[in-house]
Amino acid sequence: MHVVTDNFGYILGGFLVTVELTVLGYVGALVLGTVLAVFRVGPITPLRVVGTVYVEFFRNIPLLALLILFVFGLPDVGLTFSLFSSAAICLALTGAAYVCESVRSGINAVPVGQAEAARAIGLPFSKVLTVVVLPQALPPLVNVFIGMALGSSLAAAVGVAELTNRTQQLNLQYAEAVATFLVAGAFYVAMAFLGAGGGRWLENRIGRRVGARR
Amino acid sequence: MSADRVLFDEPGPAGRRRIRIVTVVTVLVIAAVIALAVKRFADSGQLAAERWTTFGQLSYVRFLWEGLKGTLIAAGVSALISFPAGALLGLMRISVHRPVRWVAGVYVELFRAIPLLLLIYAFLLGLPRFGINLPIFWKLVVPIVMVNSAVLAELVRAGIGAVDPGQFQAGEAIGLRRGQVLRLIVLPQALRLIVPTLVTQLTTLLKDTTLGYVVSYPELMKQGNNLTVYTHLLIQTFLIIAIIYVLINFALSQLAHALDRRLGRRRVAAPGGPAGGGLRPASEAELAGDRVAPIGQLF
């Protein structure tokens, strides 16, 4: 157990990196995903194509392959990002494809009458979307958050010193596996449950089914 | 296209002009971005023909094919174990016996909240210290099964939850036992609702096997990595590998779509089927698929 107490600062630091990656990836994915969803339902054909191609590519590429291309490949063409920002960018890029699809299916699930009513009172496309339809088409926010938290662990495989990576490092150094893995697992579980709890709280506050699709 | 037209009026002359202008501008921007990317690649010599033609050699193709085989075997075995395990866990979660429900509930909640990679490290670095040293293949597959069976359990449970409760009651009313109601009436309908999502889950399994890279199991990513040690053609190798993954997963998701449309059409055709209330009349299966979207599986 003293592995954990001795290195608690180290583990906690890893957890903070995981939290940072999760939050950055989460916000990035939500923003980019929503923009892409708007592209896909808008009247500009090239933007629709961009949205479709983006989603099909980033939804189907394994995150690890993207991470490797970003971290080890891009320097070969003269683009170098820090490890941390590479991981955050990759998380946001792949997450955005998922968010885009759920926002789009959310848009499709909004009753036709809503959009028709909005058009009937003379709102332009931008207003129909931002004022009437999009607020009713929120993605499963809790789901995306937890997925991002779990996905951020893949950054460990390319050497970002986040929670999973530091757990593995400690394991190479010390011979006490149980404690370190349990603590790391507990951190992730806590994060997932806090995310879910926070989501439910927000949901009740807003008084609407926002992240109910657990 | 026409369905999405609900969001905006048929544009008038001014609107059409605006759309044309924006279209031209976007095309120019996209072209510029692509040109910039190509130039970057060309400037750093990554587009040189011999950096790509080497991959036409039979030995290279065979090397990557070995990797693809490893990937497909790992994903296939994972699927064969985790689908039945997930179904069992899902049924356990709706059991009438509280302890059974509880055990399955704890398992599912726990393994949906733990990242796969952490679990793989535990099998790779932790368990061997206690004398549990699985062969490399199982060090990859067992964690994948543990995580995915939890996700699939939720999917099965959600599918059962999406079946009209009247079906349960009708079954009980004609004197069937609970097991019979489930087996004869509810499960066939639930399965139909979740089949498209199950196929989508295969893409997740396929992506999960990329972690063979970490345990040194010779699947596509690991083979690619081994290849770059000799060739140093990192960008080329991993772009090719990425494209292979994208193609397979794309085919799988198209299959899921097709299944969804097929099953959905049959459903909607049934009398009293719910009319799609959305902008695009969404099929019931699709709505259910949306409702039962697995948690935490973005990647």
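## A walk through a two-chain model

Start by selecting chain B: from the N terminus on, its elements read α-α-α-α-α-α-α-α-α-α-α-α. That comes to 12 helices and zero strands. Keep in mind as you go that this is a predicted model, with scores of ipTM 0.88 and pTM 0.86.

**Colour chain B by confidence.** The mean pLDDT of chain B is 84, and 87% of its residues reach 70 or more. Where is confidence highest in chain B, and where lowest? Select residues 98-111 of chain B, helix H4, for the highest mean, 94. Then select residues 284-291 of chain B, helix H12, for the lowest, a mean of 43. Widen that last selection to residues 267-294 of chain B, and you have a stretch with pLDDT below 50. In the model this stretch still has 62 contacts beyond near neighbours in sequence. Where pLDDT is low, the predicted coordinates should not be read in detail.

**Stay with chain B for its fold.** Of its 299 residues, 39% count as buried. Take the contacts in chain B between residues at least 6 apart in sequence: 72% of them join residues at least 24 apart.

**Now show both chains.** How many residues does each chain bring to the contact? Chain A gives 66 residues and chain B gives 58. On the chain A side, H3, H4 (63-73), H5, H6 (112-120), H7 (125-133), H8 (141-151), H9 (163-173) and H10 (177-206) each supply at least two residues. If you colour that side of chain A by residue type, you will find 43 nonpolar, 17 polar and six charged residues.

**Zoom in on two helices of chain A.** Select H3 (residues 45-60) and H5 (residues 83-109) of chain A: they pack with axes 8 Å apart, at an angle of about 120 degrees. That angle is why H3(A) counts as oblique to H5(A). The crossing of H3(A) past H5(A) is left-handed. For sticks, pick Gly51(A), Tyr54(A), Val55(A), Phe58(A) and Arg59(A) on H3(A); they meet residues of H5(A) including Leu93(A), Ala97(A), Tyr98(A) and Glu101(A). The residues of this H3(A) contact with H5(A) divide into eight nonpolar, two polar and two charged.

**Last stop: Glu203(A).** You will find Glu203(A) in helix H10 of chain A. Is Glu203(A) buried or exposed? Glu203(A) falls in between, as partly exposed, because 16 other C-beta atoms lie within 10 Å, and a buried residue would need 20 or more. Finish by drawing a distance from its C-alpha atom to that of Leu141(A): the two are 62 residues apart along the chain, and their C-alpha atoms are separated by 10.0 Å.

How values were computed
Residues numbered from 1 in each chain as written. Chains lettered and ligands numbered in written order. Predicted model: local features only at pLDDT ≥ 70, side-chain atom pairs only at ≥ 80, totals over all residues. Axes fitted to C-alpha atoms, helices over the stretch in contact; angles between N-to-C directions. Helix = DSSP H or I, 4+ residues; strand = E, 2+ residues; numbered from the N terminus. Parallel < 35°, antiparallel > 145°, perpendicular 65-115°, else oblique. Left-handed = near helix turned anticlockwise from the far one by under 90°. Contact = placed C-beta atoms within 7 Å. Nonpolar A, V, L, I, M, F, W, Y, C, P; charged D, E, K, R; others polar. Buried ≥ 20, exposed ≤ 12 C-beta atoms within 10 Å, placed from the backbone. pLDDT = per-residue confidence, 0-100.
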